[in-house]
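Colleague: I'm new to looking at ring pairs in proteins. Could you take me through the aromatic side chains in this one, slowly?

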Amino acid sequence: MEPLSWGEILLRLAYQFMPVWIALALTFGLSIAYKRRLGLYGKLFDNVIGMVGFAIVMFWVYTALFVGLFDWIITHDPLSAVSGMKNKVPGTPLRGAEAGDYPYYLLGGDTLARDVFSRMVQGSWVVIRIAPLATLFAFMAGITLGLPAGYFGGRLDTVLSFLANLILAFPVILLFYLLVTPEMVESGIPSYMAVVLFVLPILFLIVMVNSRFHTQPMQRNVMVAVVLVIFGWLYLSLINDRGTPVNFLPVDLDLFDIPGGILVVFVSVVFVNAPTVFRIVRGLALDIQTRDYVAAAQTRGEGPWYIMLWEILPNARGPLIVDFCLRIGYTTILLGTLGFFGLGLPSDSPDWGTTINQGRKLLSIYPHPAIVPAFALLSLVLGLNLLADGLREESLKD
């Protein structure tokens, strides 16, 4: 077979992403049709910048989901090398292709003769599993601590602010490096950190349910019990990590087994981002608690947690949503940095940072192994920044 031209490569790439195009078309069609009922999300579709950013982000989200859950889009095993395909240019026919094998390396081969395209799309699954969830956990931890610090003030505010400033005093990259080194992992410190950090979202949900339904004891008790059982089991399965001191669940009760490297990186991201979220939430709470509707809620006799979670927090959603999008971008860059330096994730991981690091060694001769994942990383972060800009503009109009 002859090598593919760039036009043929682009057509084949477009065909491989066909499930993503269909999902995007359905998402945009339904969202635009019902945008007047969708609040801030619906208003986003009146903003060109926000729509472009949303499209880019959802492209990678759908790509990750289709690759990770259904094994679609991908053309070859991202960890398998094929003899004779080392550093091959895009569009090179696969040597020794058998029936059922995809006949080309669409974006070429890397220094270990692996398919660059397959590693790029598989890398999106690594990023989408870690960055948004870790950012969400960091936000729930920061909100749980930031609201009472800003609302109550006093010694509680002083102690929590001091701890947050103490963590923020460390350079981020150095802090990541310390947390993901093999010596630190063997000591079990990241596992103990997971025990503390991952319980904060459960506390957040319990306090939210209790404050909302405190006048309906029966309904409150049932909902708190459901939260404890479901999220408690998820929490125990999440922190249970074989090969570390935190290993107590029987195999039959462990819902999932997260690879050690991913769990350590996840914990590190939450630990680094939570203090910044804490400071943002604390500042918003200090400002919003002086508003008239907060005074009206206090006059009605509402409890402090009700006021924090159902009066202050909803009115701080605009800045928090914008920061959430930006922080996912920062987290994506941090994951790429860790992978580039070979920290946390396995050396053969298809994540974008690791792939860029492996491709940079022959960058002047064979640029495609490094440029492809670098473009993927750049596009996702760009999309998140554009989405945040659109949400910021629309939230200011709200």
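Modeller: Sure, here is a walk through the aromatic rings, with a short look at the whole protein first.

Keep in mind that this is a predicted model. The protein is built from 17 helices and two strands. Its radius of gyration is 24 Å, close to the 21 Å that the globule rule gives for 398 residues, so the protein is as compact as a globular protein of that length. Along the principal axes, the C-alpha atoms fill a box of roughly 80 × 50 × 40 Å. Of the 398 residues, 50% are buried. And if you take the contacts with a separation of 6 or more, 70% of them come from residues 24 or more positions apart.

Now for the rings. A pair of aromatic rings is described by two things, the distance of the centres and the angle of the planes. This structure has 18 aromatic pairs. One of them is Phe-28 with Phe-45: the centres are 5.4 Å apart and the planes make an angle of 85°. Planes over 60 degrees apart count as edge-to-face, and that is the label this pair gets. Where do Phe-28 and Phe-45 sit along the chain? Phe-28 is in helix α2, which covers residues 18-33, while Phe-45 is in the loop between α3 (39-43) and α4 (48-70). The two are 17 residues apart in sequence, so their pairing ties those parts together. Both Phe-28 and Phe-45 are buried.

Next, look at Tyr-151 and Phe-152. They also make an edge-to-face pair, with 5.3 Å from centre to centre and 85° between the planes. Are these two rings' residues buried or exposed? Tyr-151 has a relative accessible area of 14%, so Tyr-151 is buried, being under the 20% cut-off. Phe-152 comes in at 44%, so Phe-152 is partly exposed.

Rings can also gather in groups. Phe-17, Trp-21, Phe-59, Trp-60, Phe-117 and Trp-352 form one aromatic cluster.

Last, check out Arg-212, which has its charged end over a ring in two cases. One ring is that of Phe-213, with its centre 5.8 Å from the charged end. The other belongs to Trp-310, where the distance to the ring centre is 5.6 Å.

To finish on the outside, the accessible surface of the protein comes to about 19200 Å², and carbon and sulfur atoms account for 68% of it.

How values were computed: Residues are numbered from 1 along each chain as its sequence is written. Side-chain values use heavy atoms; hydrogens and water are left out. Rings of Phe, Tyr and Trp (its six-membered ring) pair if their centres lie within 6.5 Å; planes under 30 degrees apart count as stacked, over 60 as edge-to-face and the rest as tilted. Helices (H or I, at least four residues) and strands (E, at least two) are DSSP runs, numbered from the N terminus. Buried means under 20% relative accessible area, exposed over 50%, partly exposed in between (1.4 Å probe, protein chains only). A charge sits over a ring if NZ of Lys or CZ of Arg is within 6 Å of the ring centre and within 35 degrees of the ring normal. The radius of gyration is taken over C-alpha atoms; the globule rule is 2.2 Å times the number of residues to the power 0.38. Contact means heavy atoms within 4.5 Å. Accessible areas come from the Shrake-Rupley method with a 1.4 Å probe; for residues, only the protein chains shown count as cover.
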